[in-house]
Amino acid sequence: EDEAMAAKLAAQAKAKKAKKSQRDKEMADIEKEMKEGEATVDKMELATNQAEILHSITLTYFRVLKSVEDTFTEDGNSNASTTDLLPAALRGLAKFSH
């Protein structure tokens, strides 16, 4: 009887261990899927942020061009501080337009 009881307890312990192992594997799969989902969101957020940054940079270049244009139209003379920015703004626009 003792041997039968010991065999029964060993079988139950083995079954519990197998269930736990299966549960751990399922949890690991779920965690992996969640991490992949989070990475997708991060990529989408990154793309949105890059688009906003590109928009801001382009807007800044055009503001420089507009300020240079306004300087020339107001008094006919060029302001050294705004015209110094013109080559850099044109190079930046050329870089992002290609």
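Glu33 is found in helix α1. The model is predicted. At 56% relative accessibility, Glu33 counts as exposed, because the cut-off for that class is over 50%. Glu33 also belongs to a negative surface patch, together with Glu26, Asp29 and Glu36.

**Overall make-up**

The protein has 2 helices and 0 strands. Helix α1 covers residues 2-75. Of the 98 residues in the protein, buried ones make up 7%. The exposed area comes to about 8,600 Å². Carbon and sulfur atoms supply 58% of that area.

**A nonpolar patch**

Which residues make the nonpolar surface patch of about 300 Å²? They are Met27, Ile30 and Met34. Ile30 sits in helix α1. Its relative accessibility is 43%, so Ile30 counts as partly exposed. The reasoning is short: buried means under 20%, exposed means over 50%, and partly exposed lies in between. Ile30 therefore falls in the middle class.

**Phe62 and Leu93**

Phe62 is another residue of helix α1. Is Phe62 exposed, partly exposed or buried? With a relative accessible area of 48%, Phe62 is partly exposed. How far apart are Phe62 and Leu93 in space? The distance is 8.4 Å, C-alpha to C-alpha. In sequence, Phe62 and Leu93 are 31 residues apart.

**Three residues of helix α1**

The table sets out the accessibility of Ile30, Glu33 and Phe62.

| Residue | Relative accessible area | Class |
|---|---|---|
| Ile30 | 43% | partly exposed |
| Glu33 | 56% | exposed |
| Phe62 | 48% | partly exposed |

**Surface in brief**

Two patches have been described. The nonpolar one includes Ile30, and the negative one includes Glu33. Both residues are found in helix α1, Ile30 as well as Glu33.

Definitions and conventions:
Residues numbered from 1 in each chain as written. Predicted model: local features only at pLDDT ≥ 70, side-chain atom pairs only at ≥ 80, totals over all residues. Heavy atoms only, no water. Helix = DSSP H or I, 4+ residues; strand = E, 2+ residues; numbered from the N terminus. Buried < 20%, exposed > 50% of the residue type's maximum accessible area, 1.4 Å probe, protein only. Areas by Shrake-Rupley, 256 points an atom, 1.4 Å probe, with all protein chains shown as cover. Patch = residues over 30% accessible without salt bridge, like charges linked within 9 Å, V, L, I, M, F, W, Y side chains within 5 Å. Salt bridge = Lys/Arg side-chain N within 4 Å of Asp/Glu carboxyl O. Lys, Arg positive; Asp, Glu negative; His and termini not counted. Charge placed at Lys NZ, Arg CZ, Asp CG, Glu CD.
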